[in-house]
Every structure is written in structure tokens, then in C-alpha cells.
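Colleague: I would like to learn how to read a structure such as this one, beginning with its cysteines and going on to its interior. Could you take me through it step by step?

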Amino acid sequence: MKIPFVSFLPMERELEHEIRCAFERVFAGSWYIGGSEDKDFEKAFAEYCGVRYCVGVGNGLDALMLILKAEDIGEGDEVIVPSDTYIATALAVSYVGAKPVFAEPCLSTFNIDPGNIEAKITGNTKAIMPVHLYGQTCDMDPVMKIAGEYGLKVIEDCAQAHGASYKGRKAGTFGDAAGFSFYPGKNLGALGDAGAVITNSREIAEKVRALGNYGSDRKYHHILKGNNSRLDEMQAAFLAAKLPHLDRMNADRRRIADRYLNGIRNPKVILPAVPGENVPVWHVFGVRCDERDALEKHLNNAGIGTNKHYPIPIHLQDCYKDLGYKEGDFPVAEKISRTELSIPIYYGMTDEEVQYVIDTVNAF
């Protein structure tokens, strides 16, 4: 049996008519930037998340960067980010001239450990940027408590957590603002690059919208030194077509994850923990194994696709040599990078395919 790491085919076949209708509608309207499709999707996504404002932007990295700029975070400032995350989280901080300061994650959930945040706070710290990694929310109550005690902003990276919840609230609704990516592989994915900022702050929303439109609040009137980062009409229409199906498709991912959590019984394989207050959406299902490369080879030889998130931690990437970190500085992130292996999880996997993955992992 051949099982790819990810496949869009089940979703694409099911939603093909709606996607084609969205394309035809935008094409017939001959309006491609800043029109009704964008406005309609922003309204729908804000309502889905449970916030007042949504601003469409070009991609997830821009979403985080524009929030930081809107919060006037820049040169000389520090932002605490998890040491185990995709590099875009740190790049957003770097792009505004601030310094990413890494805090270790929990080994069991991969998310930032709130107990490691306070020691990282200095007089230059302006914000905490928790990442809801792999579709599971961070432990937000202690994060918000620390932020309140020190007067820090909280900017949530929700690039992998569309629809995930913590204690009954959607990811992205706890901090000052949140950034989403709609990269095609996300739980809610466009057919190209796209992103959004959500917030309950009118001021942040207005600044993000201006910053993403060359710093302009109206045509040829520029109040800020901005960027070009807007959600185009075509991608907005595609996202609007998919949004009503998101909860159902996330539920299907939970079906698969529950099968893995209950069926994988190999003592060499460590499964992710799911705190009781979380309802994950399983963008990625990552296991850990001290013999990770051998497990990967075993699965690949059986026709099962895999991925590694993320084999080189950010502090050891060449582009961050200037921060002066060395191997051993963040042992938890480094352990995850050596042992994490992601196995297939996507909407439409059949029971037979899921069982084949379980049986193959257990046979290792």
C-alpha cells in the first residue's frame, strides 16, 4: 500500500465544484485586489474565530511581521519565541529589527513551556509569541498571566492551528492579535500563499491593514512606511469556499489522530500528549523515536510517506549564527529535532490506510 505524507485529492474532489465556482465568479468580476471577496472572507473568518476584526494579508510570515510593526516593536526590542518552531516565527521578529529570544518547549506537547518564559524576560522584552504547533494550542492561561504581570504583548502564531481550541476558546483569541497562514498544506489552505491577522483591537486592525497596503489608509495617502501584503480576491474566494467545511475536516483529522493514539503501541515510539483542555486540529501528527532515521526508513520502505519537523532547530541555523548560540544551548528543542517524525494525517484517509500506518509503526 502506498500512503503519501499528505494528499489534497480527497478534499479537492469533494470541493471541486465550489472551488471552480469561486474562480469563475472572481474571473467574471474582473476585480482582483481589495474587493468584496476579501471583505466577505475577512468577516466570515473573524466570526468563525470569535473576534471583531480580520485583515487578509499575503502570507503567514507577513501576518506576524505586520502585527509586530503595528505594535511598534522594532530595533532594540526582544520577543520571546519557542525554541522549537518553524523559522518563520523568528524571521518575523528579525524583519522588524527586534531580537528573537528562545524559550524551551514541553517535550510532551512540543509547545512552549510557560515555566521557561519568565527567566527570558529582560528590560528589552516587549512581547511573547507562543506558537500553537502542529495544531495543538499552547497552555495559554499561564502565558497570559506572565504577560499581564510584566506588561508584555502576546502575539499568537496560529499558522498550524485553524480551529483548534483551549478551554472552549479558539486559538488566536487570547492575545493582542494572532497571525494565520493559509499556505495550501494548512488545515484551511488557499491555492497559493495567503494569510490573515485577527484581533479584537480596532487600532491594531487598522494599522495592519494600512501597513499591508504600502502604509496607506486611503489612495495616495501614506501614514506609515508600509509593505505590500494583501490577500488577493481569488485566494479569498477559495478560502471562503473551504471555510464552511473546516470543522468537519478537522474532525476527520481527529478521527485519524485518535486511531493513532489508541492503536500505536510500540515502546520505541513516543506519542504526543493531549492536555484535557485542548481540542487539537492535528495539522501534523508528530511522534518521537530515538531511532528516528531507522523508523523513517522502515515506514518509507513500506510505502508510507513521512516528514521531519524540524531537523535543524532555529538557534543552529546558519542565518542565526549572529545570535551566538551553540549546540547544547537548547537541549529540549535539539532533542525534538533529533527524534521527531511526522506520519501521514490528512482529510480523507481511509480506515484501511490508517490501520496500515499503525500496523507498520508497531512492527518496527
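Modeller: Let us start with a definition: a disulfide is a pair of cysteine sulfur atoms within 2.5 Å. Please keep in mind throughout that this is a predicted model.

Colleague: With that cut-off in hand, how many disulfides does a search of the whole structure find?

Modeller: The search covers the whole structure and finds zero disulfides. C158 shows the reasoning, because the closest cysteine sulfur to its own, that of C49, is 7.6 Å away, which is too far for a bond when a disulfide needs the two sulfurs within 2.5 Å.

Colleague: Is C158 buried or exposed?

Modeller: A residue counts as buried when its relative accessible area is under 20%, and C158, at 0%, therefore belongs in the buried class. C21 has a relative accessible area of 36%, so that cysteine is classed as partly exposed.

Colleague: Turning to the interior, which residues have the most contacts inside the largest nonpolar core?

Modeller: The general idea is to look for buried residues of nonpolar type that are joined through their side-chain atoms. Here the largest such core has 35 residues, and those with the most contacts inside it are L68, I73, V79, V93, M129, I155 and V208. Two or more residues each are given to this core by β1 (53–57), α3 (60–70), β2 (78–82), α4 (88–95) and α6 (202–211), and the largest share, eight residues, comes from α3. Another core, of 25 residues, lies apart from it and includes A161, A164, A171 and L231.

Colleague: What does V93 touch, if residues up to four places away in sequence are not counted?

Modeller: On that basis V93 touches L68, V79, V81 and M129, and also A98, K99 and P100.

Colleague: How should I read a residue in a loop, and where is T306 found?

Modeller: One can take its position, its burial and its partners in turn. T306 is in the loop that runs between α9 (292–301) and α10 (331–339), and it counts as buried because its relative accessibility, 15%, is under 20%. The side chain of T306 makes a polar contact of 3.1 Å with the side chain of E296, and another polar contact, also given as 3.1 Å, joins it to the side chain of N300. Leaving out residues up to four places away in sequence, T306 also touches F5, L299, L341 and S342.

Colleague: Finally, how many cavities of 30 Å³ or more does the structure hold?

Modeller: There are three cavities of 30 Å³ or more, and the largest has a volume of about 120 Å³. Among the residues that line the largest cavity are F8, M11, P184, R253, Y346 and Y347.

Technical notes: Residues are numbered from 1 along each chain as its sequence is written. This is a predicted model: local features need pLDDT of at least 70, side-chain atom pairs count only at pLDDT 80 or more; totals for chains, interfaces and linings use all residues. Side-chain values use heavy atoms; hydrogens and water are left out. A nonpolar core is a set of buried Ala, Val, Leu, Ile, Met, Phe, Trp, Tyr and Cys residues joined through side-chain atoms within 4.5 Å. Buried means under 20% relative accessible area, exposed over 50%, partly exposed in between (1.4 Å probe, protein chains only). Helices (H or I, at least four residues) and strands (E, at least two) are DSSP runs, numbered from the N terminus. Contact means heavy atoms within 4.5 Å. A polar contact is a pair of N or O atoms within 3.5 Å; within protein, one must be able to donate a hydrogen and the other to accept it, and residues adjacent in sequence count only if both atoms are side-chain atoms. On a 1 Å grid over the protein atoms alone, a cavity is a set of points where a 1.4 Å probe fits but cannot get out, and a pocket is an open set with protein on both sides within 12 Å along at least five of seven lines; lining residues have an atom within 4 Å of a point. Grid points are joined across faces, edges and corners, and a volume is the space filled by probe spheres set on the points.
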